[in-house]
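This report looks at a single protein chain, moving from its division into parts to one strand and one loop residue. Please keep the sequence and the structure in view while reading.

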Amino acid sequence: MSVDDLDRRFARALHGRTRAVATNEPLTAPIVATSVYQLPGDPSGPYQYGRWSNPTWSALEAALSELEEAQAIVLPSGMAAVAAVYYALLQRGARVLLPANGYYATRALAERFLAPFGVQVATMPTTALAQADLTAFDLVWIETPSNPGLALVDIAAVAERAHRHRARVVVDNTTMTPLGQQPLALGADVVVYSDTKTINGHADVLLGHVATRDPAVAERIRQWRMLAGAIPGPFEAWLVLRGLETLEVRFERMCANAALLAERLATHPRVQSVLYPGLAAHPQYELACRQMRRFGSLIGLTFADAATADAFIAGCHFVRTSTSFGSVHTAAERRARWGDTVAPGFVRLSVGCEPPEALWQDLQDSLARL
Ligand SMILES: *Cc1c(COP(=O)(O)O)cnc(C)c1O
């Protein structure tokens, strides 16, 4: 897949309705707030009941489908998307391999709710996947870069080995978005996203989606949504569709800002170490260049201790002290506060869309006061 091809697909996602609507119809996709549709006689057509389908979901799914050349199914949160994949694809006796250093709730859901139903759940650090014997697993889950440790693994290599014995490969691509990395093109079977993060990008809604090129898997996920009732509200879907329209410009700015800050922070005496896949010093820089189209908006910073990390965050005016990431607003948090296995002074910086020099000046001023 060439860069131009993805650019063209993003433009198509933006213009989904441009030629499709009739004269005098709204060009902006409407928020369709309804539980019922006109349905006389024998049921027919795509819209029969609100739990099964909704035109606002369809508009968002059409745009997301363009970005990955796959079928996209929207769900009410990133975890609802993770749960949909689990319940659609796993049965009693299935063996699942999850990243030990990936998103916490993905592991907790499997351990607390799948294991009691007879699914075998194993975990492994992201980088260990590259060498691991995968023959014992039916489903291999990848997060690259992992969050918050920013460790990478070669998606194509893992998919190739997993497919030799028919295991499925799922990639949680939340940190990268379809514009930063294309797991399905690299051989993954399913990709999941928390659209709550960069895809919506404004920290004002929760949503998620699953994308796959396997029609049978897409159908299972749709059935799960319909029967479990894990459905997004039309207003939330509309907000994400609106957010998606600026994804390309936002993500470009976020990644450019992150690259600039990572480079400058790496030489600052108050910062012990900087992790960013786009820095040549990242242990997997070569893989990052090969696999990722952009290096992302997350930076790992290590300070001397927790107190110094907290003082740095508190001293910034243009950095939100929230959890989560991917918003137009820069945010930072000390990850040990959640029990992540990182140094006490480790901070995850989610770089936003602020004008770069104003943002750098703010960070620099806070560092100077440490
Ligand atoms: C946030 C996140 C999720 C969960 O998404 P929600 O929208 O909060 O349910 C899953 N995976 C990753 C990598 C995330 O960052």
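The text below treats a predicted model, beginning with the domains and ending with a residue in a loop.

**Two domains and their interface**

The protein chain is divided into domain 1, which covers residues 5–244, and domain 2, which covers residues 247–368. The C-alpha centres of domain 1 and domain 2 lie 26 Å apart, and 33 residues of domain 1 are in contact with 33 residues of domain 2. Between them the two domains bury about 2600 Å², with 62% of that area on carbon and sulfur atoms. On the side of domain 1, the residues that lose the most area to domain 2 are P148, L150 and L152, which together account for 25% of what that side buries.

Polar interactions also cross this boundary: the count between domain 1 and domain 2 is two salt bridges, and there are 17 residue pairs in polar contact, both residues of each pair being at pLDDT 80 or more. The elements that give two or more residues to the side of domain 1 touching domain 2 are α1 (3–14), α5 (155–164), α6 (177–180) and α8 (234–244). In one salt bridge, D7 is joined to R293, and the closest N and O atoms of this pair are 3.1 Å apart.

**Strand β7 and its partners**

Strand β7 comprises residues 208–212, and because five of its five residues are buried, this strand is largely enclosed by the rest of the structure. G208, V210 and T212 point one way from β7, while H209 and A211 point the other way, and all of them are buried. In a regular strand, side chains alternate between the two faces of the sheet. The strands paired with β7 are set out in the table.

| Strand paired with β7 | Bridges to β7 | Direction relative to β7 |
|---|---|---|
| β1 (residues 71–75) | five bridges | antiparallel |
| β6 (residues 190–194) | five bridges | antiparallel |

Residue G208 of β7 can be used to place both partners, since L75 stands opposite G208, and S194 also stands opposite G208.

**A buried loop residue**

S146 is placed in the loop between β4 (139–142) and α5. Is S146 buried or exposed? With a relative accessibility of 0%, S146 counts as buried, because the cut-off for that class is under 20% relative accessible area. Leaving aside residues up to four places away in sequence, S146 touches N101, T126 and A151.

Conventions:
Residues are numbered from 1 along each chain as its sequence is written. This is a predicted model: local features need pLDDT of at least 70, side-chain atom pairs count only at pLDDT 80 or more; totals for chains, interfaces and linings use all residues. Side-chain values use heavy atoms; hydrogens and water are left out. Buried means under 20% relative accessible area, exposed over 50%, partly exposed in between (1.4 Å probe, protein chains only). Helices (H or I, at least four residues) and strands (E, at least two) are DSSP runs, numbered from the N terminus. Two strands pair if DSSP finds at least two bridges between them. Domain bounds come from an automatic or database domain assignment. Contact means heavy atoms within 4.5 Å. Buried area is the accessible area (1.4 Å probe) that two parts lose on being put together, summed over both. A salt bridge is a side-chain nitrogen of Lys or Arg within 4 Å of a carboxyl oxygen of Asp or Glu. A polar contact is a pair of N or O atoms within 3.5 Å; within protein, one must be able to donate a hydrogen and the other to accept it, and residues adjacent in sequence count only if both atoms are side-chain atoms.
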